[in-house]
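Get your viewer ready and keep the selection box handy. We'll hop from one stop to the next, and at each one I'll say what to pick and what you'll find there.

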Amino acid sequence: MDKLRIAVISDIHSNLAALEACVADSRALGVDKYAVLGDIVSDWHKPNECLELVKSLTELVIAGNREQQMKDAAKMLDYWILYDQFASVLWTYRQLSARNLMYIRKLPDSLSVAADKYTLRLVHASPFRQNELLYISDGLTRVNNWLDAVPEDILLCGHSHEQWKWEHEGKLALNPGSCGSHFNKRRCAEYAVLELGEKPEVQFRQVRYNVEANFRELMQTDLYESAYDWTLINYLAMIEGENELDNFIRALNKECGKNEFYGSGPVPNDIFSKVFEEQFSGKIGEYMFSK
């Protein structure tokens, strides 16, 4: 029996070089279809180009939390302009063409599709929330609830930037990792190939490309000037292979708590800059194009 092979891609984050590497690898493997699980845009410097490539690949595309931010832009612009933490999001929004903004606004939050003898549910994070985080270190038993909550055979989800699969009562959940903001030690773009035959099989892929050269290209754009702290931490995470973005957010929350700002809204710019300079700029200096 021939197998239907689906390339599952998530969390591209405007990283065209990573997306092109994954597409080239998947074509060499002879995949039949593509499924894209959101967070196509934001953080890197090629949002329109990533959207155009995704549109050429497939109609199986859903919105991630980054696309939701673009949908909410009209009511969020004042915050984005005032607070440094939103600089990358604001830059992305201003770069997007009118056609691509319209495309994003029409993206669904989830999809249910039939593929061969299976049914698939596509979500960005979980069936319950578009930004629900689940890390392998937390344990994956929570995924049992996700699988119980959907009628489909296979759940495709992203957001945590980790590659994993989980089986529960004959159902399968699959996270392909992050194409464009990956935290593996090999500095590789990530995706997965889902093979549908007698039983579902998963092949996790990690594809090499030149992360350093790609970041040098980003540095030539005004994204680097507009959001240098966030882009530098993103680069650090990708070359170090550790989720420094999450560490940065945790450090910001801790510092806000010390200053009685915790949970009260956007991070004040002075705290944002202080945490970056005191806790992360030194690390970045050590790694910058040196390894």
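Where does His-182 lie? Select it and you'll land in the loop between S7 and strand S8 (188-196). Helices (H or I, at least four residues) and strands (E, at least two) are DSSP runs, numbered from the N terminus.

Some housekeeping before we go on. This is a predicted model, where local features need pLDDT of at least 70 and side-chain atom pairs count only at pLDDT 80 or more, while totals for chains, interfaces and linings use all residues. Residues are numbered from 1 along each chain as its sequence is written, and side-chain values use heavy atoms, with hydrogens and water left out.

**Stop 1: around His-182**

His-182 has 0% relative accessibility, so it counts as buried (buried means under 20% relative accessible area, exposed over 50%, partly exposed in between, with a 1.4 Å probe and protein chains only). Show its side chain together with that of Tyr-209: a polar contact of 2.8 Å joins the two. By polar contact I mean a pair of N or O atoms within 3.5 Å; within protein, one must be able to donate a hydrogen and the other to accept it, and residues adjacent in sequence count only if both atoms are side-chain atoms. Now add Cys-188, whose backbone oxygen lies 3.2 Å from a polar atom of the His-182 side chain.

Which residues are in contact with His-182, leaving aside its neighbours within four places in sequence? Select Arg-187, Cys-188, Ala-189, Glu-190, Tyr-209, Val-211, Ala-237 and Met-238; contact means heavy atoms within 4.5 Å.

**Stop 2: H8 against H10**

Next, pick Ile-239, which is found in helix H10. Its C-alpha is separated by 8.9 Å from that of His-182, with the two positions 57 residues apart along the chain. Ile-239 is buried, at a relative accessible area of 5%.

Widen the selection to helix H8 (residues 211-219) and helix H10 (residues 228-240): their axes come within 11 Å and cross at roughly 175°. Axes here are lines fitted to C-alpha atoms, for helices over the stretch in contact, and angles run from 0 to 180 degrees between N-to-C directions. H8 and H10 are therefore roughly antiparallel to each other (angles over 145 degrees count that way, under 35 as roughly parallel, 65 to 115 as roughly perpendicular and the rest as oblique). To see the contact, show Val-211, Glu-212, Phe-215 and Leu-218 of H8 with Thr-231, Leu-232, Tyr-235, Met-238 and Ile-239 of H10.

**Stop 3: H5**

Jump to helix H5 (residues 87-95). Seven of its nine residues are buried, so H5 is largely enclosed by the rest of the structure. The ones to colour are Ala-87, Ser-88, Val-89, Leu-90, Trp-91, Thr-92 and Tyr-93. Which helices do they pack against? Turn on helix H2 (47-57), helix H3 (65-71), helix H4 (73-82), helix H6 (98-106), helix H9 (222-226) and H10.

**Stop 4: the five-stranded sheet**

Show the strands as arrows now. Five of them form an open sheet in the order S3-S4-S5-S7-S6, with mixed pairing; two strands pair if DSSP finds at least two bridges between them. Strand S3 (111-115) and strand S6 (163-168) stand at the edges with a single partner each, so one side of each is left without a neighbour in the sheet.

Walk across from S3. Five bridges join S3 to S4, and the two run antiparallel. They form a hairpin with two residues between them, and Asp-116 in the turn has a positive phi of about 60°. Strand S4 (residues 118-122) is mostly covered, with four of its five residues buried. From S4, three bridges lead to S5, this time parallel, and Arg-121 stands opposite Leu-155 in S5. Three bridges also join strand S5 (residues 154-156) to strand S7 (residues 171-176), again parallel, with Ile-154 opposite Leu-172 in S7.

**Last stop: S1**

Finish on strand S1 (residues 4-9). Six of its six residues are buried, so S1 is largely enclosed by the rest of the structure. Leu-4, Ile-6 and Val-8 point one way, and Arg-5, Ala-7 and Ile-9 the other. S1 runs antiparallel to S8, joined by five bridges, and Ile-6 has Leu-194 as its bridge partner there. Four bridges join S1 to strand S2 (residues 33-36), and these two run parallel; look for Ile-9 opposite Val-36.
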